[in-house]
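Visitor: Hi! Could you walk me through this one, with the cut-offs spelled out as we go?
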Amino acid sequence: MLDVVYCFILIEGQLVTEIPKSSSGHHKDAAEQTPSRLERRFPDFSYITQNGRLTDFLDCVIISHFHLDHCGALPYFSEMVGYDGPIYMTHPTKAICPILLEDYRKITVDKKGETNFFTSQMIKDCMKKVVAVHLHQTVQVDEELEIKAYYAGHVLGAAMFQIKVGCESVVYTGDYNMTPDRHLGAAWIDKCRPDLLITESTYATTIRDSKRCRERDFLKKVHETVERGGKVLIPVFALGRAQELCILLETFWERMNLKAPIYFSTGLTEKANHYYKLFITWTNQKIRKTFVQRNMFEFKHIKAFDRAFADNPGPMVVFATPGMLHAGQSLQIFRKWAGNEKNMVIMPGYCVQGTVGHKILSGQRKLEMEGRQILEVKMQVEYMSFSAHADAKGIMQLIRQAEPRNVLLVHGEAKKMEFLKQKIEQEFHVNCYMPANGETTTIFTNPSIPVDISLGLLKRETAIDAKKPKLMHGTLIMKDNSFRLVSPEQALKELGLAEHQLRFTCRVHIQDPRKEHETVLRVYNHLKGVLKDYSVQHLPDGSITVESILIQATAHLEDQGTKVLLVSWTYQDEELGSYLTSLLKKGLPQSTS
Amino acid sequence: MAAHLKKRVYEEFTKVVQQQHEDLSAKKLRLTKPSKSAALHVDLCKATSPADALQYLLQFARKPVEVESVEGVVRILLEHYYKENDASVRLKIASLLGLLSKTPGFSPDCIMDDAINTLQNEKSHQVLAQLLDTLLVIGTKLTENPSVRMRLVEVACKHLTDSSHGVRNKCLQLIGCLGPVEKGVAKEAESQAAKDVQKIIGDHFNDQDPRVRTAAIKAMLQLHERGLKLQQAIYGQACKLLADDYEQVRSAAVQLIWVLSQLYPESIVPIPSSNEEIRLVDDAFGKICHMVSDGSWVVRVQAAKLLGSMQQVSSHFLEQTLDKKLMSDLRRKRTAHERAKELYSSGEFSSGRKWGDDAPKEEIDTGAVNLIESGACGAFVHGLEDEMYEVRIAAVEALCMLAQSSPSFAEKCLDFLVDMFNDEIEEVRLQSIHTMRKISNNITLREDQLDTVLAVLEDSSRDIREALHELLCCTNVSTKEGIHLALVELLKNLTKYPTDRESIWKCLKFLGSRHPTLVLPLVPELLSTHPFFDTPEPDMDDPAYIAVLVLIFNAAKSCPTMPALFSDHTFRHYAYLRDSLSHLVPPLRLPGRKLVSSPVSPSITPHEDPSQQFLHQSLERVYNLQHLDPQGIQELLEFTIRDLQRLGELQSELAGMADFTATYLQCQLLLIKALQEKLWNVAAPLYLKQNALASAAAKQILEETYKMEFMYSGVESRQVVIIHHMRLQAKALQLIVTARTTRGVEPLFGMCEKFLQEVDSFQRCFISELPQMQGSFVDKLLDLMPRLVTSKPSEVVKILQTTLRQSTFLHLPLPEQLHRASANIIEPTGESDNPLRFTSGLVVALDVDATLEHVQDPQGTVKVQVLYPDGQAQLIHPKPADFRNPGPGRHRLITQVYLSHTAWTEPCQIEVRLLLAYNSNRSKAAAKIAKSTWNESPEALPQPENGIEGTIPFSKPVKVYIMPKPARR
């Protein structure tokens with residue numbers, strides 16, 4: 001079972017997409033060590049198999065969401081390395097994933113001229129192996145393994161997966177977001193109490209401010225610029241944040257009755273927006289509730305962008321790809337508008353070192369472009385962080401909701417994870433692990449083991465309250481990989497053993513000058529007075545029985561004033577017997593007679 | 001195949017018919033039976049199968065049973081209960097027992113023993129649960145009897161060990177509703193029992209079934225509601241329940257914790273895993289705060305709501321709820337709020353445009369960071385950011401309540417409330433604006449906050465803008481830049497949405513009068529005056545200019561140095577505005593000029609107000625002159641009515657009173673005119689003219705009396721008597737007129753009878769008021785009553801005529817406050833020349849927006865009427881949700897009216913107006929009858945035919961141009 005988890009950590013581990021993402025460097029080392037170019041682009045799947053076919057090793061592959069660092073290697077994995085088992089993902093992911101993969105392929109193969117990459121046909125073949133799942137739907141992969149998806153926020157269709165074998169379970173979160181945003185809700189999981197929770201920890205050491213301030217700042221800046229007659233450029237990546245910002249601006253335009261046009265660069269986005277319109281149930285409360293009147297993704301104010309529009313006079317807002325201003329349309333527009341101080345560029349996310357985005361964010365005002373051109377940046381440069389990962393508080397909240405017995409941190413930097421690990425152990429008192437690539441972690445679970453019980457014993461032991469926990473006595477027989485609880489007699493019979501009786505005897509000395517039978521009578525009266533709930537009998541042969549415990553009295557050989565009480569009980573009556581001895585040791589009450 | 005199907009359908013159909021037939025005959029049989037119980041008995045005996053019996057019982061349950069036969073029916077049912085083997089039938093019988101014991105007037109103590117007995121041998125859990133439910137019904141009817149309750153509680157306790165959750169559930173419910181709650185000082189035994197009840201319920205907090213746990217907590221809450229003081233010991237148990245797996249348990253547990261925190265706020269509880277101790281209310285507050293981030297939104301809403309009512313919590317804990325320690329890469333980071341505040345205090349304008357402006361500062365100690373706090377940390381931050389708007393609204397409400405009681409908290413939560421102004425759901429935005437208004441006494445807005453607040457002024461929703469104007473009316477602004485900013489934004493709003501004019505002017509009025517010293521330095525700039533040059537005179541009709549003037553004049557009221565800065569035309573404009581917009585422009589003492597209006601010093605109480613005096617004097621005059629000649633009386637009345645109407649126009653606060661009395665005098669005048677002796681004595685052929693005049697007068701008086709009764713708020717029973725009296729007189733007049741014009745006596749009999757009945761009911765309604773009506777029409781009539789009853793109709797008419805003429809004019813006492821209901825249709829404006837075109841036969845929606853003042857219960861009474869040119873009238877009842885209540889006595893109706901008509905050849909106007917519907921049964925007098933007759937004579941119920949329903953138009957009609965086009969084919 002652990003194989004499966006292991007597998008998708010690897011798939012998601014590290015892919016070299018267009019630009020490496022620095023926040024998730026934890027699994028990078030392994031990928032960088034391998035020499036071949038292709039190998040470096042994709043994770044090293046030989047970790048799983050050493051040698052042999054993948055399909056034999058893996059029961060299934062689960063894709064949590066459509067971001068390329070989570071599904072980019074999928075066609076390579078299934079078509080080139082060779083995997084024929086089922087691949088599970090949610091419906092929106094299944095819809096959007098191939099678009100992104102195709103785009104990815106185009107950029108790498110057509111633009112950069114790489115060879116030995118997966119082809120369009122491979123993407124199609126790969127998608128044929130995909131089984132789509134609904135939220136909270138339990139899918140039986142084989143006789144033992146079952147999986148179940150939970151809502152994860154983050155991007156459309158992102159899901160957390162619970163993987164269950166028998167009574168042991170693992171929850172893998174993928175990327176998730178615990179605070180709702182303008183188009184998606186917050187991740188949610190029930191108290192499923194998994195044995196292990198594998199969670200991302202991108203923001204292990206960050207507690208973020210309320211998103212409202214950020215949103216308000218963003219809107220205010222855009223609004224002010226537009227009112228001044230300036231143009232706003234927002235470089236974005238096509239999917240995810242872009243839709244959130246669109247909704248944000250669209251509703252603001254609607255609310256404030258603004259007229260300035262908003263454009264969105266076409267292509268990939270158009271198709272993706274179509275899927276956002278379709279998967280309304282995956283969005284947040286507001287969009288779900290209002291879509292009957294109007295689907296929020298049918299933008300009224302946002303129109304498709306045409307290259308010629310960039311030169312139009314008057315205010316406008318343009319969303320353009322890519323997000324770090326390193327190439328393409330966004331860079332073209334940026335060059336056109338950079339000279340005017342009325343204009344503004346808003347970077348809604350992180351920029352990697354070396355890109356134009358990073359340069360202008362760090363305050364550089366003169367940029368050297370291709371062909372020794374110097375571009376002077378007069379436009380205002382803003383930075384707004386819109387990130388859809390759970391922060392430290394969010395991670396803790398998810399752990400609190402799910403109540404796992406062990407936590408494993410992935411997808412983060414080791415130093416930061418160390419802090420979070422310590423916090424988790426301190427506050428939830430559960431074990432927390434953070435293995436490096438290639439490291440094996442052993443987790444001990446307390447699986448509950450089913451035991452057969454004979455009907456006779458069950459009926460005998462549980463009289464009334466069937467549902468309450470109750471102590472029962474019986475003999476556990478472990479034989480041929482099966483467990484049975486049977487009555488002791490039956491166990492003896494089955495195993496062909498004779499029953500041994502274990503008897504405790506104890507002598508208690510009592511100072512009593514009277515005759516033996518008088519002493520016995522006193523003891524009898526005393527016990528009868530104290531043990532009202534038990535049957536105390538005085539037998540004709542001069543002994544006393546309390547239930548099955550026998551008490552006899554004899555005079556001491558040397559000292560006639562001392563009587564010796566012999567108390568004898570079987571192992572089963574140990575409790576009562578020891579109580580009785582301690583009672584007798586206290587001595588008899590000074591009788592009135 | 002099809003034929004076969006058809007055949008089957010027919011077969012089935014005929015079957016159904018047969019069954020109905022059987023039913024019918026059975027019903028007939030039963031109708032002839034003398035008693036219900038006997039019928040039931042026969043039915044149940046006839047029943048061959050359980051299904052049959054169940055059918056009979058179901059039919060039986062549909063009909064009510066008289067009080068007298070309930071017991072008999074119960075006995076029959078019980079008899080069958082013991083005989084019945086089928087559990088479902090027994091279940092139905094048990095539920096019927098409960099239903100029957102609810103019958104009003106029936107005391108179920110006689111069947112209690114039997115009901116308890118049935119419990120003994122019952123095996124089915126469902127039936128047991130139903131029987132316990134029945135016992136609960138019986139118990140709630142017999143709450144007065146402690147021994148019955150004790151007995152039922154004992155029975156419940158006995159069944160608590162049942163293995164079915166349903167039974168345990170009902171038992172706990174029973175204990176909760178009936179368990180003894182008396183303070184056990186008087187009887188030792190009972191106090192013992194009381195203790196036991198709590199313990200018994202408390203034991204089930206750990207039940208294995210979540211439904212039973214919930215029921216146990218609910219039972220405990222029920223006990224609390226009934227007045228039992230819960231023990232503090234439960235607190236620990238309740239805290240454990242907060243971590244339950246089931247949301248309903250957690251939700252109930254949160255409530256229980258809240259109750260306990262209110263009961264024992266000051267007791268001390270230890271903090272687990274440390275040896276510190278804190279107050280219970282603080283601990284509970286922390287726990288409930290923790291639940292604001294629960295997994296289930298139902299619990300979150302519950303928790304957020306309850307936080308608002310925990311006012312005893314210490315401020316240290318309270319302020320934590322807004323604190324979320326931010327960090328980035330393990331370094332302490334300031335929140336955007338803190339940064340904004342710092343920028344503001346350092347006097348710098350926001351630079352916030354650099355990347356890394358929010359760069360984290362100092363390193364933080366890893367050990368000190370608590371990610372999941374036991375305390376209240378950040379509860380509201382989470383609540384306000386929640387996914388579900390229900391939670392956000394609850395959090396805003398709670399914030400409001402806490403801020404109202406703690407000024408320092410109000411100051412702190414301001415930033416968060418301001419943030420909520422940008423929520424995606426309008427309801428939440430509106431709620432947070434209202435909240436801000438409510439706490440505005442405690443706060444002063446910083447400039448940056450004001451900026452955010454004012455940004456919302458551009459919202460396209462009218463509700464939001466108006467709420468914001470209301471908020472600005474009562475906000476404190478700290479600087480003159482703030483005032484300037486507010487003015488600029490309001491003017492921007494005005495240009496964007498010209499319909500907001502009134503609301504913006506009103507807002508500026510308050511803004512000016514609250515901040516005179518801040519406005520003072522702005523005056524030259526606002527009026528664009530120049531020390532040396534004359535500036536052009538602004539356009540007087542420009543709403544923006546008026547807005548500026550309203551701000552300045554209101555500030556000048558308490559700032560005597562300001563008028564010195566005015567230029568000449570400002571004074572002229574002042575005079576004009578003071579006259580045209582007197583409600584917005586206050587009287588000013590202007591230097592070098594005559595006082596435009598004498599300042600009304602606020603010390604004068606309304607009674608000494610000259611206009612009030614005038615009103616009273618003119619009324620006195622009318623009432624005192626009893627014996628003037630008819631001509632003189634008529635003239636005096638006419639003059640007084642004219643005076644009053646004018647007074648009402650001038651003095652808006654007396655308008656209601658003046659109109660009310662004027663209407664009354666008008667009625668009197670009409671009556672006097674109609675009764676003029678000369679006319680009645682003329683020969684028969686001239687009756688016609690007289691007839692027309694008198695019957696029109698009678699009709700008008702009737703209408704006016706209904707207006708007086710239903711259109712004014714604040715009418716007391718003293719006035720209602722007079723109004724009814726006037727109505728009675730009008731009816732008498734009607735009778736006289738009819739008697740004179742109709743031939744034959746037959747129809748008169750009925751009319752006389754009816755009139756006398758009305759007199760009778762008048763007497764019954766207002767018996768207590770009669771002594772004050774000496775010499776009035778009714779007084780005299782009642783004296784003559786014995787004679788009237790026996791005499792012929794013609795006789796009666798004659799008597800009536802003389803009494804009417806001789807009767808004195810009743811003095812109408814005035815209530816303290818009287819307001820006339822009024823309505824003003826804002827939209828449609830009626831100015832559009834573009835017809836609303838639509839295809840005939842289809843509907844078109846017309847937006848109607850109106851303000852209503854002094855209307856009681858507008859949801860029930862206000863209707864929209866649409867009059868088409870062909871005389872067709874349509875009455876529309878707006879939905880209750882269409883009414884908003886922006887302030888006391890004010891309502892706002894925003895609704896859609898659907899119009900439709902057949903095709904017209906050219907556009908034409910329709911009229912839209914608002915009506916006030918009334919029903920005389922609903923009036924206070926009728927309520928009185930109903931009350932008084934309830935016990936005495938149930939057969940004389942208020943006659944439904946007396947209830948006259950009608951409508952009073954109370955708004956100016958608005959014309960809308962529409963054009964139904966013929967449909968194209």
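Guide: Happy to; we can take the ground rules, then the chains, then single residues.

Visitor: What kind of model is it, and how are things numbered?
Guide: This is a predicted model, where local features need pLDDT of at least 70, side-chain atom pairs count only at pLDDT 80 or more, and totals for chains, interfaces and linings use all residues. Residues are numbered from 1 along each chain as its sequence is written, chains are lettered from A and ligands numbered from 1 in the order in which they are written, and side-chain values use heavy atoms, with hydrogens and water left out.

Visitor: Thanks. How many helices and strands does chain A have?
Guide: Chain A has 21 helices and 26 strands. Both are DSSP runs numbered from the N terminus: helices are H or I with at least four residues, strands are E with at least two.

Visitor: What radius of gyration does chain A have?
Guide: Chain A has 37 Å, while a compact globule of 593 residues would be near 25 Å. The radius is taken over C-alpha atoms, and the globule rule is 2.2 Å times the number of residues to the power 0.38. Along the principal axes, the C-alpha atoms of chain A fill a box of roughly 125 × 55 × 45 Å.

Visitor: And what share of chain A is buried?
Guide: Buried residues account for 53% of the 593 residues in chain A. Buried means under 20% relative accessible area, exposed over 50%, and partly exposed in between (1.4 Å probe, protein chains only). Chain A exposes about 27800 Å², with 52% of it supplied by carbon and sulfur atoms. Those areas come from the Shrake-Rupley method with a 1.4 Å probe; for residues, only the protein chains shown count as cover.

Visitor: Same tour for chain B, please.
Guide: Chain B has 40 helices and 18 strands. Of its 969 residues, 48% are buried, and its accessible surface comes to about 48100 Å², of which 54% belongs to carbon and sulfur atoms. Among contacts in chain B between residues at least 6 apart in sequence, 74% join residues at least 24 apart; a contact means heavy atoms within 4.5 Å. The corresponding share in chain A is 71%.

Visitor: Which domains is chain B divided into?
Guide: Domain 1 (40-181 + 195-259), domain 2 (260-325 + 373-442), domain 3 (443-589), domain 4 (610-806) and domain 5 (821-923 + 948-965). The bounds come from an automatic or database domain assignment. The C-alpha centres of domain 3 of chain B and domain 4 of chain B are 52 Å apart.

Visitor: Which residues touch the most other members of the largest nonpolar core?
Guide: Those are B:Leu77, B:Leu135, B:Ile201, B:Leu256 and B:Met436, in a core of 175 residues. Helix H28 (residues 543-556) of chain B gives the largest share of this core, 11 residues. A second, separate core of 110 residues includes A:Tyr83, A:Phe297, A:Phe299 and A:Val407. A nonpolar core is a set of buried Ala, Val, Leu, Ile, Met, Phe, Trp, Tyr and Cys residues joined through side-chain atoms within 4.5 Å.

Visitor: What is B:Leu256 in contact with?
Guide: Leaving aside neighbours within four places in sequence, the contacts of B:Leu256 include B:Phe205, B:Ile217, B:Met220 and B:Leu221.

Visitor: Now a charged one: is B:Asp207 buried or exposed?
Guide: B:Asp207 counts as buried, at 9% relative accessibility. B:Asp207 is in the loop between helix H10 (188-203) and helix H11 (210-225) of chain B. The side chain of B:Asp207 makes a polar contact with the side chain of B:Arg168 at 2.5 Å, and reaches the backbone nitrogen of B:Asp209 at 2.9 Å. A polar contact is a pair of N or O atoms within 3.5 Å; within protein, one must be able to donate a hydrogen and the other to accept it, and residues adjacent in sequence count only if both atoms are side-chain atoms.

Visitor: Any backbone oddities to check in chain A?
Guide: A cis peptide bond joins A:Thr321 and A:Pro322, with omega about -10°. A:Pro322 is in the loop between strand S12 (316-320) and helix H14 (328-337) of chain A. A:His154 has a positive phi, near 55°, and A:Glu403 has one near 50°.

Visitor: Are those two buried or partly exposed?
Guide: A:His154 is buried, with a relative accessible area of 3%, whereas A:Glu403 is partly exposed at 28%.
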